[in-house]
Every structure is written in structure tokens, then in C-alpha cells.
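The following exercises concern the interface between two protein chains. Each task is followed by a worked solution.

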Amino acid sequence: MSETGNMNQNNLDKEMQQSQKAYEAQEYQQVVKRHSPRPKVLRNTIMAFVVGGTICAFAQVFRNLFLGAGLVEQDASAAVVMIMVFLGALLTGLGVYDNIVKVGGAGAIVPITGFANSIVAPALEFKREGFVYGVGARMFTIAGPVLVYGFLTSIIIGLLRFILG
Amino acid sequence: MSNTKKIGKQTIRFDNPPVIVETASIVGPKEGKGPLGETFDRVVDNMYFGENSFEKAERKFIEEAIKLVVEKQKIQASDIDFLLAGDLLNQMISANFAASTLGIPFFGLYGACSTMMEGIILGSMLIDGGYASKVIAGTSSHYCSAERQYRFPVEQGVQRPMTAQWTVTGAAAFLLSAEAQGVNVSHATVGKVVDAGVKDPHDMGAAMAPAAVDTIITHLQDTGRDVGYYDLIVTGDLGAVGRAIAADLGNQQGYDFSQLEDCGVLIFDSSQDTHAGGSGCACSAVVTAGHFMQQLRAGKYKRILIVGTGALLSVTSSQQGESIPAIAHGVVLENSKNPE
């Protein structure tokens with residue numbers, strides 16, 4: 001009887017300690033928040049719009065050129081994607097793309113050039129670890145999750161369409 | 001057994017304060033262009049330092065710094081009793097590999113960015129305890145090797161938050177000796193690990209500030225001194241955000257930390273786009289070895305308290321949702337050549 005009493009008391013103490021610690025962490029977060037510089041949301045948003053828009057405008061130019069050269073719409077789109085992935089990879093290799101993202105943020109991460117950057121950057125970085133454990137294994141460390149959840153989402157949407165439609 | 005060397009809860013008072021007879025500092029290009037660029041012994045203009053990987057470059061930084069401190073003192077590596085060194089990379093590969101070529105009896109240390117002060121404290125204990133007459137303490141960090149281990153590949157496009165800090169590329173070595181007069185290590189306060197529950201790996205200043213404040217206040221209580229007793233109290237790499245938090249925390253406990261300096265704030269200027277400032281093992285190491293040692297030798301400062309701050313961050317525990325514990329070790333440097 002007394003043993004279970006002790007155990008309950010111990011558990012209670014432990015819980016009290018934990019909640020005290022959580023409370024202190026919360027209080028400290030308030031102090032941290034007070035001194036942390038705010039991200040420049042307006043400037044970042046405008047720059048994302050400008051940089052993202054510029055990348056898309058480039059893609060549109062290529063698309064028009066391909067359509068003008070006589071490619072059908074679907075082929076023109078595929079060709080544009082290839083060109084943009086190539087440009088993203090090239091600019092990453094030249095050490096330029098990370099500077100574009102620094103200014104443009106999501107405007108440069110979301111387009112397919114950013115996807116190319118996320119594959120080429122680790123591939124370059126981990127070349128020292130060899131072509132199998134380095135380039136091969138690390139290439140998709142950042143793009144991998146995008147692919148996994150992209151596929152998963154497309155499967156779910158496909159199933160929904162199959163069931164509902 | 002008498003225990004006169006320890007005073008208060010966490011502080012050591014050295015009977016015969018070991019002297020820092022020589023220091024060496026080598027930094028990368030960005031640090032060389034910073035406001036303290038002139039104070040370093042050597043600025044390397046290439047991040048690879050003539051090697052083919054960033055890890056090998058970092059190893060060369062620490063190896064060269066240790067060789068340089070030996071050279072400057074015109075002695076041999078074989079005259080050194082112990083080498084105490086560590087770095088940020090997993091299993092401390094920079095220090096271990098450097099030690100393998102130097103052939104000095106070696107203790108590997110990990111205190112994250114507080115490693116330099118940890119090394120100076122332990123080295124001073126070895127000397128004052130009579131176990132050694134010459135000890136080298138050293139550390140290194142490298143922006144690119146740290147980024148690839150802790151965060152993203154260097155060419156990966158990311159927008160760093162304003163609280164983020166820039167890992168200092170460089171290495172420093174301190175030669176401690178029992179003999180000469182000069183700038184000595186009179187007291188040391190060994191820090192406790194403090195976990196304030198910060199989980200953001202891009203906000204190290206916030207993770208470390210409570211540890212720094214804890215160590216400074218404990219030091220002042222243990223020694224019975226006040227803030228004004230020191231010409232300067234310096235923290236390792238809290239950065240601009242962490243320093244502001246530390247001043248706030250100190251204020252809450254009745255201490256005026258508004259004059260606190262921070263090596264991470266000093267090493268870069270605002271035009272260098274590092275956001276909150278510098279960080280990394282080399283941050284407090286090269287700023288102390290260069291700037292502060294020069295100021296102490298010149299007599300501009302007589303007595304300073306340097307608190308090395310380390311965020312004990314691990315990618316594994318951080319990804320598993322754990323908070324980032326931190327530690328801070330304090331060292332009192334005094335110039336014994338200029339008596340009061």
C-alpha cells in the first residue's frame with residue numbers, strides 16, 4: 001500500500017518537474033521572441049514574386065520558341081522542363097543558384113530550377129564520398145521527400161478520381 | 001585532503017596561474033576581410049587550403065595553427081607534454097588526424113564551440129597540478145564542413161533565418177606554460193549543461209544564452225566579484241541575438257550585462273551578411289588568440305573574463321525532436337606584468 005503510495009508520489013513529483021520545465025521553456029521562448037529579428041516579410045514576398053516571375057518568364061520564352069518551331073503543346077512543355085532543369089543544374093554547378101535563392105527565396109525554390117538545385121547541390125557536395133555512397137546515395141536527400149510525398153499525393157488523387165469519377 | 005584550489009560551487013583558482021606564452025591563429029578569407037582581419041597570424045584565401053575536401057582543409061587549419069605556435073616559440077613539438085584539442089566534426093576527425101601527424105600525447109575534447117576554453121581550463125589544471133610544464137590547447141571549425149554535417153550542402157539554395165550564425169573558418173592554438181610571466185589564466189569556472197528547451201537549430205544564440213548567463217553569474221558569486229571588476233566580460237559565440245537575450249536574462253537576475261562583448265559579433269561586420277554573427281569552435285578561439293591576447297599584452301585590458309559557449313547540437317537528436325542543450329566555460333585572463 002505504502003509502496004504504491006510512494007510510486008504515485010514519485011510519478012506526481014516527476015510530472016510536476018516536467019510541467020515546471022515545460023513552463024520555464026515557454027517563458028524563455030517569450031524572451032527569445034522579444035530579441036529575435038523579424039523576417040522581412042514584405043521585402044521577401046516582393047523579391048519572391050520578382051525572381052519567381054522572371055524564372056517563369058524565361059520558361060515562357062522557351063515555350064513560345066518551341067511552339068513557334070512547330071512542336072505540339074505537350075512536347076513543347078516537356079522540352080521547356082528539360083531546358084529549365086538543365087539551367088538550374090548549370091547555375092548550381094557555377095555556384096550562382098544559391099545566391100539567387102538567397103534573394104528570391106521561395107520564388108527560386110518552388111520552380112523546377114529549384115528542384116534541379118536540390119539534386120545537384122548534394123551530388124556536388126558528396127562527390128568526395130565516392131560515386132556510390134556519395135553522389136548516388138546523397139543525391140536525393142533533399143529531393144527524395146518531395147518525390148515520395150509527390151507520388152503519394154498523386155496516388156491518393158488517382159484513387160479518389162477512380163472511386164468518385 | 002585540502003581543497004584550496006576550488007572556490008565556491010564551480011570555480012577554480014590556480015595557485016600558480018599558468019601563462020599563455022604564445023598563441024597562433026589562422027583563418028579563412030571571410031574572417032580575414034572582417035574587422036579583426038589584421039589581428040590573425042595568417043589568412044588563407046582558399047576554403048580548400050590546397051586540399052581536396054573541406055574536412056582535410058579543416059584538419060590542415062588546426063595542424064598548421066599548432067605547428068605555428070610551436071615555431072613562434074622556437075621549440076619542438078616533442079617539448080610539448082600534452083595536446084588538448086577538439087572540433088565540431090563527428091568523432092572530432094580534425095583534431096584526431098592532426099594529432100596523428102604531430103605525435104604529441106593527446107586528449108580529444110568535445111565542448112562544441114566552448115572547446116577552446118575547455119582546453120585552456122584543462123591545460124591550466126595539468127600545469128598547475130604539476131602534471132605538465134608545456135601544454136597546447138587548440139581547436140578548429142570550417143564553414144563548409146560544418147554546413148554539410150549540420151545543415152545543407154554549400155550550393156543548396158536556402159534562405160537563412162535572421163537568427164542564423166556563420167561558422168567561422170579557422171583554427172587557433174594556445175601554448176600554456178608553467179614558467180614565464182605574462183598573460184595568465186588565474187581562474188576558471190566550469191559550466192554546467194543547461195537546457196532551456198530551444199529546438200531551433202538555426203537559433204544557437206538562444207540555446208546558449210542561458211548557459212552563458214549561468215556560468216557568468218556563478219563565477220561572480222564564487223569569486224565574490226562584481227561585473228565591474230573585469231575590464232571586459234566576453235562571450236564566445238552568442239551572436240547579436242544571443243547577446244541581447246543574455247543581457248535580458250542578466251537583468252532579470254539583477255546583473256548589468258549591457259556591456260557584454262561577444263566574439264561572434266566582433267569577428268564579422270554587418271556588411272558581411274552573416275545575419276546574427278559568427279559561431280563555431282574557431283570563433284572564440286581566433287578572436288581570443290588574436291584580438292584579446294594583443295589587447296591584454298598591450299595593457300589595454302588588464303583582466304578579462306572570457307566565457308566560451310557551446311551549443312551541444314546533434315543532427316540525430318535534433319531531428320528526433322529533442323532540444324539543444326548548451327554549456328559555457330569561463331576563463332579569467334590577467335596580465336601579471338602590469339601590477340595594479
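The exercises below treat the interface as a whole, then its charged pairs, then one residue.

This is a predicted model, in which local features need pLDDT of at least 70 and side-chain atom pairs count only at pLDDT 80 or more, while totals for chains, interfaces and linings use all residues. Residues are numbered from 1 along each chain as its sequence is written, chains are lettered from A in the order in which they are written, and side-chain values use heavy atoms, without hydrogens and water.

**Exercise 1.** Determine how many residues of each chain are in contact, and what area is buried between chain B and chain A.

*Solution.* Step 1: with contact taken as heavy atoms within 4.5 Å, 31 residues of chain B touch 32 residues of chain A. Step 2: the buried area (accessible area, 1.4 Å probe, lost when two parts are put together, summed over both) is about 2400 Å², and carbon and sulfur atoms give 54% of it. Step 3: Arg148(B), Glu155(B) and Gln159(B) supply 28% of the area that chain B buries against chain A, more than any other three residues.

**Exercise 2.** State the count of salt bridges between chain B and chain A.

*Solution.* Step 1: a salt bridge requires a side-chain nitrogen of Lys or Arg within 4 Å of a carboxyl oxygen of Asp or Glu. Step 2: the count is four. Step 3: one salt bridge joins Arg148(B) to Glu129(A), at 3.1 Å from N to O.

**Exercise 3.** Classify Ser53(B) as buried or exposed.

*Solution.* Step 1: buried means under 20% relative accessible area, exposed over 50%, and partly exposed in between (1.4 Å probe, protein chains only). Step 2: Ser53(B) has a relative accessible area of 7%, so Ser53(B) is buried. Step 3: leaving aside neighbours within four places in sequence, Ser53(B) is in contact with Arg128(A) and Tyr48(B).
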